Amino acid sequence: MFQGFSQETVDFMWGIRFNNEKSWFEPHKADYQTYFLQPMKELGAQVQEALLDRFPQSGLNLKVSRIYRDARRLFGRGPYKDHLWLSLFRFGNESGGHPVFWFELAPEGWSYGMGFWDAPAATMEKHRVRIDSNPKPLLKLHNKLVKQTEFALQGPAYKKQKFCGEPKLAEWYNKRILSIGHEEGLTEFIYTPELADRLVEGFSFLMPYYDYFSTLWADPDPRGST
């Protein structure tokens with residue numbers, strides 16, 4: 001059962017940020033496992049179980065990120081991440097072409113939401129074609145989103161704006177990568193079990209958005225290929 005993160009969690013994140021090398025990590029590996037990795041796994045398992053109870057057909061799987069960076073992609077950075085995240089997704093859907101639910105904890109704050117990590121151009125083109133052909137389903141979701149304050153539409157937009165026939169969906173239409181998320185600085189809230197409840201409620205609100213975007217992969221490729 002998730003009991004909250006701790007000051008030791010935060011201390012470790014800042015420690016690895018400023019001492020990103022094996023000589024520091026190895027003596028602090030037990031701190032990482034006890035105060036960072038284990039509560040993240042507990043949080044993920046509790047949220048996953050609650051969502052599967054509410055949405056039995058969702059088939060959500062849980063994955064917690066590794067702290068080790070890919071040695072092929074360090075790009076001058078240290079070998080360890082100073083943040084961790086968990087993701088919930090349907091089987092086979094953690095690739096860039098499918099959306100995920102996520103929670104991420106970093107030294108400066110935390111975030112959670114639903115969206116694509118790195119959607120291929122073809123996926124976002126399918127998204128625009130779907131709006132062009134039938135904007136009503138997304139328009140309904142848009143109207144629901146703007147009536148609340150927890151989540152906001154996020155993601156980089158095209159520098160050259162594309163024309164959208166439904167003005168209310170223009171921002172959705174022009175996203176290169178799309179997500180719906182909430183960002184917050186570190187407060188005492190992350191030290192409480194109530195964090196799990198908040199994620200469950202937030203992900204439950206986002207489930208219709210997840211269902212909408214998780215089917216994009218099956219839409220016909222607008223470029224005429226499969």
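Two exercises on a predicted model follow, each with a worked solution.

Residues are numbered from 1 along each chain as its sequence is written, and side-chain values use heavy atoms, without hydrogens and water. In this predicted model, local features need pLDDT of at least 70 and side-chain atom pairs pLDDT 80 or more, while totals for chains, interfaces and linings use all residues.

**Exercise 1.** Place His142 in its helix and state whether His142 is buried or exposed.

Solution.
- Step 1. His142 sits in helix 5, residues 136–145. Helices are DSSP runs of H or I, at least four residues; strands are runs of E, at least two; both are numbered from the N terminus.
- Step 2. His142 is buried because its relative accessibility is 13%. Buried means under 20% relative accessible area, exposed over 50%, partly exposed in between (1.4 Å probe, protein chains only).
- Step 3. Leaving out residues up to four places away in sequence, His142 touches Lys168, Leu169 and Trp172. Contact means heavy atoms within 4.5 Å.

**Exercise 2.** Find which residues of helix 5 are buried, and what covers them.

Solution.
- Step 1. List the buried residues of helix 5: Leu138, Leu139, Leu141, His142 and Leu145.
- Step 2. Look down the axis of helix 5: these buried residues fall within an arc of 160 degrees, so they line one face. The arc is that of the directions from the helix axis to the C-beta atoms.
- Step 3. Turn to the other side of helix 5: Lys136 and Lys140 are exposed there.
- Step 4. Identify the cover over the buried residues, which includes helix 4 (121–133), strand 5 (152–154), helix 6 (170–173), strand 6 (179–185) and helix 7 (194–214).
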